[in-house]
Amino acid sequence: MIRVTFQTRDGRTVAAEGTPGQRLLAAAQAADMPLEGTCGGDMACATCHVIVDPAHAHRLPPASGAEEDMLDLTPAATRTSRLSCQIVLDAALDGLVVRIP
């Protein structure tokens with residue numbers, strides 16, 4: 001299992017788990033986090049936008065150009081913003097911390 005900590009808009013911290021190969025979006029939804037993923041992971045929306053803790057951002061592969069383009073349209077985007085539908089969980093991400101904007 002891959003452990004992930006979500007920091008919610010209201011300041012709560014929610015511990016969750018996902019499986020290797022699972023998208024972070026699916027793990028978030030299983031933990032009842034308010035991430036929609038309206039486009040089904042096709043990068044046609046940003047309803048699964050998360051902000052990766054800066055201390056953990058280096059652990060992720062770089063965002064694709066298409067993901068960067070979608071994040072450019074997201075008003076709350078930061079330097080460590082990502083689309084959770086594009087983050088595939090693996091052992092290197094165990095302990096990942098992300099904030100829901």
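# A tour of the cysteines, the core and the salt bridges

The count of disulfides here comes to 0. Keep in mind that you are looking at a predicted model. Let's see what the cysteines are doing instead.

**Stop 1: the cysteines.** Select Cys39 and show its side chain. Which cysteine sulfur is closest to the one in Cys39? It belongs to Cys45, and the two sulfurs are 3.6 Å apart, which is too far for a bond. A disulfide needs the sulfur atoms within 2.5 Å. Now pick Cys85. Its closest cysteine sulfur sits in Cys48, 3.7 Å away, so this pair is also too far apart for a bond. While you're there, note that Cys85 is buried, with a relative accessible area of 6%.

**Stop 2: the nonpolar core.** Next, go for the largest nonpolar core, a set of 25 residues. Select Phe6, Leu24, Leu89 and Val98, since these four touch the most other members. Then colour the elements that each supply at least two residues of this core: β1 (2-7), β2 (13-18), α1 (24-30), β3 (49-52), α2 (65-72) and β5 (96-99). Which element gives the largest share? That's α1, with 4 residues. As background, nonpolar side chains in soluble globular proteins tend to be buried together.

**Stop 3: Phe6 and its neighbours.** Zoom in on Phe6. Leaving out residues up to four places away in sequence, Phe6 touches Arg12, Thr13, Val14, Ala16, Leu24, Ala28, Met33, Val98 and Ile100. Two of these, Leu24 and Val98, you already selected as well-connected core members.

**Stop 4: Thr5, next door.** Step to Thr5, found in strand β1. Is Thr5 buried or partly exposed? Partly exposed, at a relative accessible area of 22%; the limit for buried is under 20%. Apart from residues up to four places away in sequence, Thr5 touches Thr13, Val14, Leu96, Val97 and Val98. Try the distance tool too: from the C-alpha of Thr5 to that of Ala28 you should get 9.4 Å, for residues 23 apart in sequence.

**Stop 5: the salt bridges.** How many salt bridges does a search of the whole structure find? It finds 3. Side chains of opposite charge can pair when their charged atoms come close.

Start with Arg3 and Asp94, whose closest N and O atoms are 2.7 Å apart. Arg3 is in strand β1 while Asp94 is in the loop between β4 (81-83) and β5, so this pair ties together parts that are 91 residues apart in sequence. Both ends are partly exposed: Asp94 has a relative accessible area of 25%, and Arg3 has 48%.

Now select Asp10 and Arg12, which meet through their side chains with an N to O distance of 3.4 Å. Arg12 counts as partly exposed, at 45% relative accessibility, whereas Asp10 counts as exposed, at 56%. You met Arg12 earlier, among the residues that Phe6 touches.

Finish with Glu67 and Arg82, where the salt bridge has an N to O distance of 2.8 Å. Glu67 lies in helix α2 and Arg82 in strand β4, so the pair ties together parts that are 15 residues apart in sequence. Are these two buried or exposed? Arg82 counts as buried, at 9% relative accessibility, and Glu67 is buried too, with a relative accessible area of 2%.

Conventions
Residues numbered from 1 in each chain as written. Predicted model: local features only at pLDDT ≥ 70, side-chain atom pairs only at ≥ 80, totals over all residues. Heavy atoms only, no water. Core = buried A, V, L, I, M, F, W, Y, C linked by side-chain atoms within 4.5 Å. Buried < 20%, exposed > 50% of the residue type's maximum accessible area, 1.4 Å probe, protein only. Contact = heavy atoms within 4.5 Å. Salt bridge = Lys/Arg side-chain N within 4 Å of Asp/Glu carboxyl O.
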